[in-house]
Structures are given as C-alpha cells and as structure tokens.
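Please open the model in your viewer and keep the selection tool at hand. This tour goes from stop to stop, saying at each one what to select and what can be found there.

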Amino acid sequence: MTGLTASQDPSGSTFVLSDLSFAVKGRTLLHPLSLALSGNGVTGLIGHNGSGKSTLLKLLAPQHAPSAGTIRFHDRDLKAWGQREFARKLAYLPQQAPSASGLLVRELIALGRYPWYGAIGRFGSHDRQKVDEAMEMTSLVPFADRLVDTLSGGERQRVWIAMAMAQDASCLLLDEPTSALDIAHQIEVLSLIACLAHERALAVVVVLHDVNMAARYCDEVLALHSGHLIARDDPHVIMEPAMLEKIYGTRMDVVSHGPTGHTVAIPL
Amino acid sequence: MVPLQMRWLEILPLGGTVAKVVGVPLARARLALLATSAAMAAVATLAAGPLSFVSLLAPHLACRIGVTRALPQLAATALIGAAIMVFADWLGRNLYFPFQIPAGLLTSLIGSPALVWMLARRP
C-alpha cells in the first residue's frame, strides 16, 4: 500500500521546518519556527483565534509561500516537488469546502484521482476501485449517486475526506474539519479521521478549535500563541490548567470523567 | 480540444484551492483554457461573421435549465446556441418579407435585453 511505503521514510519525519516564518503587510503571522513533524498519527494544532495555526497549515499545504525559511517534505524541499507528484503524497482540506454544484458524491470523490491519471490519462479500473474503497471507508456507499449539495454538513465533510482518501495520499492536512458541525457529527468526523490515520498509517495534521476534541483524538498537540509555538506535547500534558491558561489566555479547570477516562477542560 | 481540457473544466469550478490540492497547474490550465476559447471564438467569428450575444446568452440559459456540469453544459450550450441562431435567421427572413434582417442584428436586439434581464434577476 502506498500509505505504508511513504511513511517508511529514512529520515522518519514527514515535515522538517527550518526558520519558517510568514508575514503580510508588515504583520508577522508566524514567527520563525523550526520543528520536525513525525510520520504517523494525528497531530493537533490548537491556539486562540489568529494564533497562526491555520497559517502554519496553509504553509505546509502549500497554499501560501513562506516569507522566509524552508519546509522539507519527505526529505525534499517543498519547491522541488512537482504539483501532481506532491498531490499523490499530500491532501489538504480547507476550512470552507467550496460548493460542488451539480456533482454527484461519486464524481466529486473521483476528482481526487486526478493526480494519478492527470489531464489526459484514462480513469481506469484501478481508479474506480480506489474510489469505491474511499466510499466504503467513509460509509458513503448509500450516498454514491446523491448530489453533494443535497447532503447535510456532516455527510458533506465525509465526502471531502473520502476525496482525500481517493487521492491516496499518505499525509492529510485538515483545517478545522468540525467547525460547522454539531457535537455528534464532530465526534463522527474526528473518530473517522483518527481511525483512518491509525489503520492506514497516515500522517494527519489537524487544526482544531475545541481543546477537548484535540485532547481526545490527537496523539500529539502543538499549541501556538500569537505566531509562536509555545507547547508541543502529549494531550494529557497540555490538559493542565496552567498550560491551558497560557494557550487561551483564560482561566480553565480540568476534570476527569470517570467512566470514559477522558479529561475535560472547563473555562471558569 | 475538449477531451484534452475536460478534467480541468471539471475541477476548476471547485475553486483554486481544491484545484491546487489535486495538483492542477493553476496558471497554466487557466491560460490554456482562455487561449483555446479565444481561438475557437475567433475561428467561429471568421467563418460566420459577428453574431453578438448568442455566446453570452446560451451558456446562461443552459445554467438556468439546470445543466451546470462542464460537459453537459458544453453540449447544451451548443444546442441552445444553434437553436437561437436558426430561430433568429428564420425570424429575420420572415419578419419584414421580402426584405431580410441579418440574424446577427436580431440576436443583438433580442439577446442584449434578455441578458441584462437575466443578470438583473440573479439574486
């Protein structure tokens, strides 16, 4: 499986950032940052609004070019990657997915195969099989012939995740995939992401607003504050009142829920 | 030309972000599509003379009747455009018999108010 071979990178890191920064019109959104993001599992990016978490994700995608510094992806500079070649390795889901008017679920997911068949290549049986697989993974088979526009928010989010799965990338970047969803669908989408990440050995980087969701589904959490990385640790280390106050600038208490063992942060 | 650029026509309406994610060379694709359509319009005008507003009216009509995907819209646009031209030509020959009103003039006269009306109606 491509996902497995891609993660067996000699350097062991998916992303290596050195002195990466981003500024617009004299405002620095991300201060020089150096770090390595390792292979598998779910990495959460948290922080207050405007902390630079989405910016960082867009630089990795790369939807923006960095103002300074370099990003290496699978031990190769980001600029050295061909567009389609890169798209086979990495999929990015923006915060607001565009409307897909007139497209059926199956058709939208099939567009995820573009990096493999290209502008003039044929959509072959292998592509079809990958699309079917992606729909099964995301339990979208009953919706295959529905219009994407007619689906609910949670279902539509699953379609975009399925499109990324059909893309067969080993790295997945998600920008607040749950921002428009109710609590049940947040759980549904995030457990799907976590499950796919572990089953298929994907490297997932996800921007999350809700620290409780981040603690529950991420293997590692990176916290940003006004463009600086202020913490990087296991979720249970992040879930400490002092740490949370540093991240969000508001006093929080942490309680442990007995039956599930989840820790929950409550603003005071 | 269409089969060569079909995939781009399907993906580009989803926006630049998504197109970039799946690895479409954005600038190149947009330029190529623009050049192709300009060249095809030029050839058509050379062959048939200026027939204003059909090209603006037909795709919008196709959209209106619910054909929004790239390939079906292309086919529907061609059909609607041809139908409008045949109708305009017939009208031009019969409206003021035995004199003929050029089909291009009629399409402009009827087509431009129709287009303005359609644009104004769009919410």
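The stops below go from the contact between the chains to the domains of one chain, then to single residues and salt bridges.

**Before you start**

This is a predicted model, in which local features need pLDDT of at least 70 and side-chain atom pairs count only at pLDDT 80 or more, while totals for chains, interfaces and linings use all residues. Residues are numbered from 1 along each chain as its sequence is written, chains are lettered from A and ligands numbered from 1 in the order in which they are written, and side-chain values use heavy atoms, with hydrogens and water left out.

**Stop 1: where chain A meets chain B**

Colour the two chains separately and select the residues that are in contact, a word that here means heavy atoms within 4.5 Å. You should find 31 residues from chain A and 18 residues from chain B. The area buried between chain A and chain B is about 1,900 Å², and carbon and sulfur atoms give 59% of that area; buried area is the accessible area (1.4 Å probe) that two parts lose on being put together, summed over both.

On the chain A side, select α3 (83–87), β6 (90–93), α4 (105–111), α5 (114–117) and α7 (153–166), the elements that give two or more residues to the side touching chain B. The names follow DSSP runs numbered from the N terminus, with helices (H or I) of at least four residues and strands (E) of at least two. The residues on this side of chain A divide into 19 nonpolar, 9 polar and 3 charged, where Ala, Val, Leu, Ile, Met, Phe, Trp, Tyr, Cys and Pro count as nonpolar, Asp, Glu, Lys and Arg as charged, and the others, Gly among them, as polar.

Which kinds of polar link are found between chain A and chain B? There are 5 residue pairs in polar contact, with both residues at pLDDT 80 or more, and 0 salt bridges. A polar contact is a pair of N or O atoms within 3.5 Å; within protein, one must be able to donate a hydrogen and the other to accept it, and residues adjacent in sequence count only if both atoms are side-chain atoms. A salt bridge is a side-chain nitrogen of Lys or Arg within 4 Å of a carboxyl oxygen of Asp or Glu.

**Stop 2: the two domains of chain B**

Now hide chain A and select domain 1 (1–49) and domain 2 (50–123) of chain B, bounds that come from an automatic or database domain assignment. The centres of these domains of chain B, taken over C-alpha atoms, are separated by 23 Å. In chain B, 7 residues of domain 1 are in contact with 5 residues of domain 2, and the area buried between these domains is about 440 Å², of which carbon and sulfur atoms give 85%. Between these domains of chain B the count is 0 salt bridges and 0 residue pairs in polar contact (both at pLDDT 80 or more). On the domain 1 side, α1 (2–11) and α3 (26–48) of chain B each supply at least two residues, and the largest share, 4 residues, comes from α1(B).

**Stop 3: a residue in strand β6**

Return to chain A and select Leu90(A), which lies in strand β6. Is Leu90(A) buried or exposed? Leu90(A) is buried, with a relative accessible area of 2%; buried means under 20%, exposed over 50%, and partly exposed in between (1.4 Å probe, protein chains only). Leaving aside neighbours within four places in sequence, the contacts of Leu90(A) include Phe15(A), Leu60(A), Phe73(A) and, from the other chain, Val21(B). Leu90(A) and Phe73(A) are 17 residues apart in sequence and 9.6 Å apart in space, C-alpha to C-alpha.

**Stop 4: salt bridges in chain A**

Over all chains, the whole structure has 10 salt bridges. Select Arg106(A) and Asp132(A), whose side chains meet in one of 3.8 Å, N to O. Arg106(A) is in helix α4 and Asp132(A) in helix α6 (residues 125–137) of chain A, 26 residues apart.

Next, select Asp127(A) and Arg113(A), which form a salt bridge with the closest N and O atoms 2.9 Å apart. Both Asp127(A) and Arg113(A) are buried.

Finally, select Glu188(A) and Arg158(A), where the closest N and O atoms of the salt bridge are 2.5 Å apart. Glu188(A) lies in helix α8 (residues 183–199) and Arg158(A) in helix α7 of chain A, so the pair ties together parts that are 30 residues apart in sequence. Glu188(A) is partly exposed, at 29%, whereas Arg158(A) counts as buried, at 11%.
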